[in-house]
Amino acid sequence: KRFWTPCVRMAPAVSSNAGFRFSAGGEWVLAEAGAGPACCLGRPLRCATLNCLHDLSHNKELLQPPIRQDAICSELAALDADVIGLNEVTLSLLQRLLHEQWVRDSYVVSAVPGEPRCSHLSTVQSGTFGNLLLSKIAPESVEYFDQPGGDKQSHAMVLRLRGSQSEEPRRVAVCSAHFTAFPWLMENRRRAQLSHLSAALATSSDGGGFDACIVMGDFNFHREAENASIPVGWSEVRAVVALGDTWDYGRNAMLAHYLPLRNIYNGLGLGASFGWSSSMRLDRILVHGAGLDHDAAEARLFADQPIHERARGRAPLPQVGPELRAAHRALPWQEYLHPSDHFGIVVELPLAAGAPPSHGE
């Protein structure tokens with residue numbers, strides 16, 4: 001069953017291109033659209049998503065942005081993913097990624113600073129952050145969708161894939177999204193943002209339709225009841241659900257220092273029983289369409305370990321009490337620092353068996 005059906009365009013892309021690649025001349029240039037034969041994978045599509053935790057905090061000593069960016073780049077390089085989606089990418093992290101040799105050698109990216117086609121994107125603007133996509137597979141197009149209730153954009157790439165040379169090509173859209181944070185008060189906004197994005201993908205500017213679509217990123221669903229916001233026809237990847245929480249006070253020692261002493265998760269200092277859950281499945285991967293066999297997917301977490309060996313195996317600080325007060329923001333970074341406050345997800349998504357309708361070669 002085809003994903004796209006003609007309908008009124010509800011959420012237009014603000015612009016589109018084919019992404020940017022690093023040239024032999026030593027600069028990032030506009031990439032040519034992947035108009036050749038579809039990429040023959042011969043294996044599952046490997047996608048990864050990570051909220052990188054922006055580096056805009058005034059407390060640089062606490063969160064150590066250069067050290068965390070080193071760790072994030074190492075983690076991403078080791079994945080060898082076909083498509084990487086990142087949230088909370090600042091201009092500083094973007095520039096760092098664009099200087100990585102593995103990125104320059106192998107990836108098309110959705111945004112570069114100083115490029116007029118990207119000037120509207122929050123990712124490239126100073127003092128804020130946004131999304132970013134990196135793809136080893138040359139995309140047909142890259143599109144950006146404005147997010148309701150804010151100044152951020154979701155980034156999407158359209159790929160043409162084959163499971164084998166004998167199969168018809170599939171058009172697969174992969175999107176990196178980051179919805180508004182905070183429990184309760186922002187649930188309606190998150191629902192509207194996801195609905196808006198799914199409608200936008202259903203009416204993509206090329207009008208060609210997709211055999212499958214993937215949306216991945218920090219959905220900020222603070223309770224499982226928010227699953228009701230997932231649009232009809234979209235599904236979570238069961239292997240990703242089985243991974244459990246991606247934001248976890250008990251497993252990420254950095255959260256005890258990153259959060260203020262009194263926060264919504266420890267009941268404003270009264271105790272965890274008075275606060276919001278301190279372990280949540282904030283990061284999600286949704287799929288739509290028959291082009292991917294998401295029931296056969298495999299997934300794992302990454303960037304889920306402390307950066308320095310001194311922090312490994314240490315018990316987490318309690319959420320309240322004298323031990324927390326004594327250690328809060330007083331320990332050396334080697335005893336708590338993680339790449340991010342979120343854990344990353346990498347998933348292997350097989351192409352579905354059978355031949356979808358051809359889109360031509």
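This is a short tour of a few places to select in the structure, which is a predicted model.

**Stop one: Glu-88.** Start by selecting strand β6, residues 83-89, and pick out Glu-88 within that strand. Colour the backbone here and look at its phi, which is near 55°, a positive value in a residue other than glycine. Most residues other than glycine have a negative phi. Now show the surface: Glu-88 has a relative accessibility of 12%, so this residue counts as buried.

**Stop two: Thr-128.** Next, move to the loop between β7 (108-109) and β8 (130-135), where you will find Thr-128. Is Thr-128 buried or exposed? Its relative accessibility is 12%, so Thr-128 counts as buried. To see what surrounds Thr-128, select Leu-56, Val-89, Thr-90, Ser-122 and Lys-152, its contacts once neighbours within four places in sequence are left aside.

**Stop three: Trp-184.** Now go to the loop that joins β11 (170-178) and α5 (187-202), and select Trp-184. Here too phi is positive, at about 55°, although Trp-184 is not a glycine. With a relative accessible area of 52%, Trp-184 is exposed.

**Stop four: helix α5.** From that loop, carry on into α5, which has 16 residues. Draw a line from its first C-alpha to its last: the helix reaches 23 Å, close to the 22 Å expected at 1.5 Å a residue. Then select some of its buried residues, including Glu-187, Arg-190, Leu-194, Leu-197 and Leu-201. What covers the buried residues of α5? Bring up the strands β9 (141-146), β10 (153-162), β11, β12 (212-218) and β16 (283-288), which are among the elements that do so.

Conventions
Residues numbered from 1 in each chain as written. Predicted model: local features only at pLDDT ≥ 70, side-chain atom pairs only at ≥ 80, totals over all residues. Heavy atoms only, no water. Helix = DSSP H or I, 4+ residues; strand = E, 2+ residues; numbered from the N terminus. Buried < 20%, exposed > 50% of the residue type's maximum accessible area, 1.4 Å probe, protein only. Contact = heavy atoms within 4.5 Å. Expected span 1.5 Å × (residues − 1).
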